[in-house]
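Thank you all for coming; I would like to take a few minutes to walk through one model with you. Please have a look at the sequence and the structure first, and then I will go through the computed description.

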Amino acid sequence: MSKTAFLYESGASTYDINITGNFVKGSTLTINGDSYKISENLKWYEYVLAILPFVFILIWGNVPALVQILPVIGGAIGGVVSALMGL
């Protein structure tokens, strides 16, 4: 048995359970041949939103004129971006 395959016995019934996928590609649960979607795969904009704060900090931190206006302080900029995305 692998880490994603399970065998469940309940009384006289036996269930063959298998889990495939991950949080990026989406997860599927298979019980005795019947498949159930646990989570959907990530959309293109979720990749962009995940990378955006890092790109923003890299660009902002490497332009001295922008750092003079507002220095990059810890996670303040990431917090502001996250707050705006939550609106």
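I will go from the overall picture to the sheet, and then to a few individual residues.

Let me say at the outset that this is a predicted model, with an average pLDDT of 83 and with 93% of the residues scoring at least 70. Confidence is highest in E4, where the mean is 92, and lowest in helix H3, residues 76-85, where the mean is 78. As a general caution, where pLDDT is low, the predicted coordinates should not be read in detail.

Turning to the overall architecture, the protein has three helices and four strands, and along the sequence these follow the pattern β-β-β-β-α-α-α. What radius of gyration does the protein have, against that of a compact globule of 87 residues? The value for the protein is 22 Å, whereas a compact globule of that length would have one near 12 Å. The C-alpha trace, taken along its principal axes, spans about 70 × 25 × 20 Å. Of the 87 residues, 9% count as buried, and the exposed area comes to about 6,900 Å², of which carbon and sulfur atoms supply 67%. If we consider contacts between residues at least 6 apart in sequence, 4% of them join residues at least 24 apart. As one example of a separation in space, the C-alpha atoms of Ser 2 and Gly 61, which are 59 residues apart along the chain, lie 45 Å from each other. Ser 2 itself sits in the segment before E1 and is partly exposed, with a relative accessible area of 43%.

Now to the sheet. The four strands form an open sheet in the order E1-E2-E3-E4, and the pairing is antiparallel. Strand E1, residues 5-10, and strand E4 stand at the edges with a single partner strand each, so one side of each has no neighbour in the sheet. On average, and with direction ignored, neighbouring strands of this sheet are turned by 25° against each other.

Within that sheet, let me follow E3 and its two pairings. Strand E2, residues 13-22, is joined to E3 by six bridges in the antiparallel sense, and E2 and E3 form a hairpin with three residues between them. On the other side of the description, E3 and E4 are paired by five bridges, again antiparallel, and they form a hairpin with two residues between them. A useful residue to look at here is Ile 31, which is the bridge partner in E3 of Ile 17 and which has Asp 34 as its bridge partner in E4. Further along the E3 and E4 pairing, Thr 28 has Lys 37 as its bridge partner in E4.

Is Ser 27 buried or exposed? Ser 27, which lies in strand E3, residues 26-31, has a relative accessible area of 13%, and because the cut-off for buried is under 20%, Ser 27 counts as buried. Leaving aside neighbours within four places in sequence, Ser 27 is in contact with Thr 20, Gly 21 and Asn 22, and also with Tyr 36, Lys 37, Ile 38 and Ser 39.

Finally, I would like to come to the turn after E3. Asn 32 is found in the loop between E3 and strand E4, residues 34-39, and, at 43% relative accessibility, Asn 32 counts as partly exposed. As background, most residues other than glycine have a negative phi. What is the phi of Asn 32? The phi of Asn 32 is near 50°, a positive value in a residue other than glycine, and Asn 32 belongs to the turn of the hairpin that E3 and E4 form.

That brings me to the end, and I am happy to go back to any part of the model.

Note on methods:
Residues are numbered from 1 along each chain as its sequence is written. This is a predicted model: local features need pLDDT of at least 70, side-chain atom pairs count only at pLDDT 80 or more; totals for chains, interfaces and linings use all residues. Side-chain values use heavy atoms; hydrogens and water are left out. Buried means under 20% relative accessible area, exposed over 50%, partly exposed in between (1.4 Å probe, protein chains only). Contact means heavy atoms within 4.5 Å. Two strands pair if DSSP finds at least two bridges between them. Axes are lines fitted to C-alpha atoms, for helices over the stretch in contact, and angles run from 0 to 180 degrees between N-to-C directions. The radius of gyration is taken over C-alpha atoms; the globule rule is 2.2 Å times the number of residues to the power 0.38. Accessible areas come from the Shrake-Rupley method with a 1.4 Å probe; for residues, only the protein chains shown count as cover. pLDDT is the predictor's confidence in each residue, from 0 to 100.
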